[in-house]
Each structure stands twice: as C-alpha cells, then as structure tokens.
Amino acid sequence: MLDEQEKHQVKELCEHIAKEQDHNQFSILIAQLNQLLEQSELRTKAARKNLSHSPRKSSRPTL
C-alpha cells in the first residue's frame with residue numbers, strides 16, 4: 001500500500017510520463033515508477049507476512 005508521499009510521487013510521475021516525448025527520458029521515468037511500486041509491494045508483502053506469523057489470541061475463554 002502506498003503512503004501519502006508515495007501516492008503524490010506516483011501521481012507526479014504519471015503526469016510527467018504522459019507528457020514525455022523523449023524515449024530515453026520516458027524509459028527512465030517508467031523505471032522510477034516501477035521501482036516505487038515494487039518497493040511498496042515488498043513492504044506490503046512483508047507486513048502481511050509479519051501479521052501471519054504473529055501469535056494469535058484465542059477467542060475461546062480459558063478455564
């Protein structure tokens with residue numbers, strides 16, 4: 001999941017990509033966007049993994 005700063009960066013990159021005419025600069029911008037999205041995806045996967053490995057409390061009352 002993207003935080004607010006990353007959302008802003010994605011929006012700016014997308015706007016710049018949509019207007020870019022130079023092929024090399026376009027490729028650089030696409031690579032930056034991909035890197036930003038991959039970092040976010042890795043953090044999301046790590047967070048999900050941490051949640052799945054955390055001890056769960058039983059909802060069943062103990063005697």
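A residue counts as buried here when its relative accessible area is under 20%. By that yardstick, 16% of the 63 residues in this protein are buried. Bear in mind that this is a predicted model. The protein exposes about 5800 Å², with carbon and sulfur atoms supplying 55% of that area.

**The two helices**

The secondary structure is quick to list: 2 helices and 0 strands. Helix α1 covers residues 4–19 and helix α2 covers residues 23–53; their axes come within 10 Å and cross at roughly 155°. Angles over 145 degrees count as roughly antiparallel, so that is how α1 and α2 sit relative to each other. As for handedness, the crossing of α1 and α2 is left-handed.

So who meets whom along this pairing? On the α1 side we have E6, Q9, V10, L13, C14, H16 and I17, and on the α2 side F26, L29, I30, Q32, L33, L36, L37, S40 and R43. Sorted by class, the contact has 10 nonpolar, 4 polar and 2 charged residues.

**Two residues to look at**

F26 and M1 make a handy pair to inspect. F26 belongs to helix α2, while M1 lies in the segment before α1. Here is one C-alpha to C-alpha pair for each of them:

| Pair | Apart in sequence | C-alpha to C-alpha |
|---|---|---|
| F26 and H16 | 10 residues | 8.6 Å |
| M1 and K45 | 44 residues | 9.5 Å |

Take F26, one of the α2 residues that meet α1. Is F26 buried, exposed or partly exposed? Its relative accessibility is 32%, so F26 counts as partly exposed. Leaving aside residues up to four places away in sequence, F26 touches I17 and E20. Of these partners, I17 also appears among the α1 residues that meet α2.

M1 has a relative accessibility of 75%, and it therefore counts as exposed. Which residues does M1 touch, not counting those up to four places away in sequence? They are E6, S40, R43 and T44. E6 is on the α1 side of the helix contact, and S40 and R43 are on the α2 side, so M1, placed in the segment before α1, touches residues from both sides of the pairing of these roughly antiparallel helices.

Terms used. Residues are numbered from 1 along each chain as its sequence is written. This is a predicted model: local features need pLDDT of at least 70, side-chain atom pairs count only at pLDDT 80 or more; totals for chains, interfaces and linings use all residues. Side-chain values use heavy atoms; hydrogens and water are left out. Axes are lines fitted to C-alpha atoms, for helices over the stretch in contact, and angles run from 0 to 180 degrees between N-to-C directions. Helices (H or I, at least four residues) and strands (E, at least two) are DSSP runs, numbered from the N terminus. Angles under 35 degrees count as roughly parallel, over 145 as roughly antiparallel, 65 to 115 as roughly perpendicular and the rest as oblique. A crossing is left-handed if the near helix is turned anticlockwise from the far one by less than a right angle, and right-handed if clockwise. Contact means heavy atoms within 4.5 Å. Ala, Val, Leu, Ile, Met, Phe, Trp, Tyr, Cys and Pro count as nonpolar, Asp, Glu, Lys and Arg as charged, and the others, Gly among them, as polar. Buried means under 20% relative accessible area, exposed over 50%, partly exposed in between (1.4 Å probe, protein chains only). Accessible areas come from the Shrake-Rupley method with a 1.4 Å probe; for residues, only the protein chains shown count as cover.
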